[in-house]
Amino acid sequence: MKIEIFSDVGCPWCFIGKRRFETALESFEHRDQVEVEWKSFQLDPSLPEHDHRNEIDYLVETKGMPRDQVTQMLAHVTQQAAGEGLDYDFDALVVANSWKAHRVIQRAKASSLETAARLEEQLFKAHFEDGKNIGSEDVLVELGTAAGLTAEQVREALDEDRWETAVKQDLATARALGVSGVPFFVLERKYGISGAQPVEVFTQALEQSWAESQPLQMVQPGGLDGQACGPNGCD
């Protein structure tokens, strides 16, 4: 069974959604037969590589939200993250453009889906817990090599146009599927789950999608074959 996860490493709910999905997948009976592919999505392409503003100022100035509302929202997100074992630090967070990170994710996918998954984890942790600048090429080399790429492969991702094209292809796929926000989970290109839903929602979706994606199980009562007709005649 194939599951595609559209995500932006600058999205706090995407990290939370990742944890909740992983919890559901861990207890899923057929988890070893599930293929997970991370897909690129970008919430704010206008961001510079490194924005001098902190997260609160950025949201207040770009989204037009009242400061008190932003403060309460981030406190809520931090609390929800803590419930999944994540330690968000919005005071230390470096506001940065995620485009280069997505190029490296695409290079990681070309290596293996497992490498891409490790890189997603590294990027989320660096951004939301460790206060690292995910727009920095040096940081991306550090995180990419920690996930299993070589430094040369990370530099390739940042320099060669084909990885830019790969990101754009994911964005085009998202538009075609009607994805307008992340995280967004696509199961077998049949079911979509929007947002960091509770574990129970992911569990139900996994079970339902698995049941519908599997071939019919043949029943032979008493070990006997029933008579039937086919293209070459009848029994």
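**Reading Asp-44 and the sheet**

Tutor: The side chain of Asp-44 makes a polar contact of 2.5 Å with the side chain of Tyr-58. A polar contact is a pair of N or O atoms within 3.5 Å, one able to donate a hydrogen and the other to accept it; residues adjacent in sequence count only if both atoms are side-chain atoms. The model is predicted, so local features need pLDDT of at least 70 and side-chain atom pairs pLDDT 80 or more, while totals for chains, interfaces and linings use all residues. Residues are numbered from 1 along each chain as its sequence is written, and side-chain values use heavy atoms, without hydrogens and water.

Student: Which side chain is joined to that of Asp-44 by a polar contact of 2.4 Å?

Tutor: That of Ser-46.

Student: Where in the chain is Asp-44?

Tutor: Helices (H or I, at least four residues) and strands (E, at least two) are DSSP runs, numbered from the N terminus. Asp-44 sits in the loop between β2 (35-40) and α2 (55-63).

Student: Is Asp-44 buried or exposed?

Tutor: Buried means under 20% relative accessible area, with a 1.4 Å probe and protein chains only. Asp-44 is buried and has no salt bridge, that is, no Lys or Arg side-chain nitrogen within 4 Å of its carboxyl oxygens. Lys-63 has the nearest side chain of opposite charge, 4.6 Å away; Lys and Arg count as positive, Asp and Glu as negative, and His and the chain ends are not counted.

Student: How are the strands of the sheet ordered?

Tutor: Strands of a sheet pair through backbone hydrogen bonds, either parallel or antiparallel. Two strands pair if DSSP finds at least two bridges between them. Here four strands form an open sheet in the order β2-β1-β3-β4, with mixed pairing. β2 and β4 (191-194) are at the edges with a single partner strand each, so one side of each has no neighbour in the sheet.

Student: How do β1 and β3 pair?

Tutor: β1 (residues 2-7) and β3 (residues 184-187) are antiparallel, over four bridges. Ile-3 stands opposite Leu-187 of β3.

Student: How many bridges join β3 to β4?

Tutor: Four, and these strands run antiparallel. Leu-187 stands opposite Tyr-191 in β4. The hairpin of β3 and β4 has three residues between the strands, and Glu-188 there takes a positive phi near 55 degrees.

Student: Which way do the side chains of β3 point?

Tutor: Phe-184 and Val-186 point one way, Phe-185 and Leu-187 the other way, and all are buried.

Note on methods. Buried < 20%, exposed > 50% of the residue type's maximum accessible area, 1.4 Å probe, protein only.
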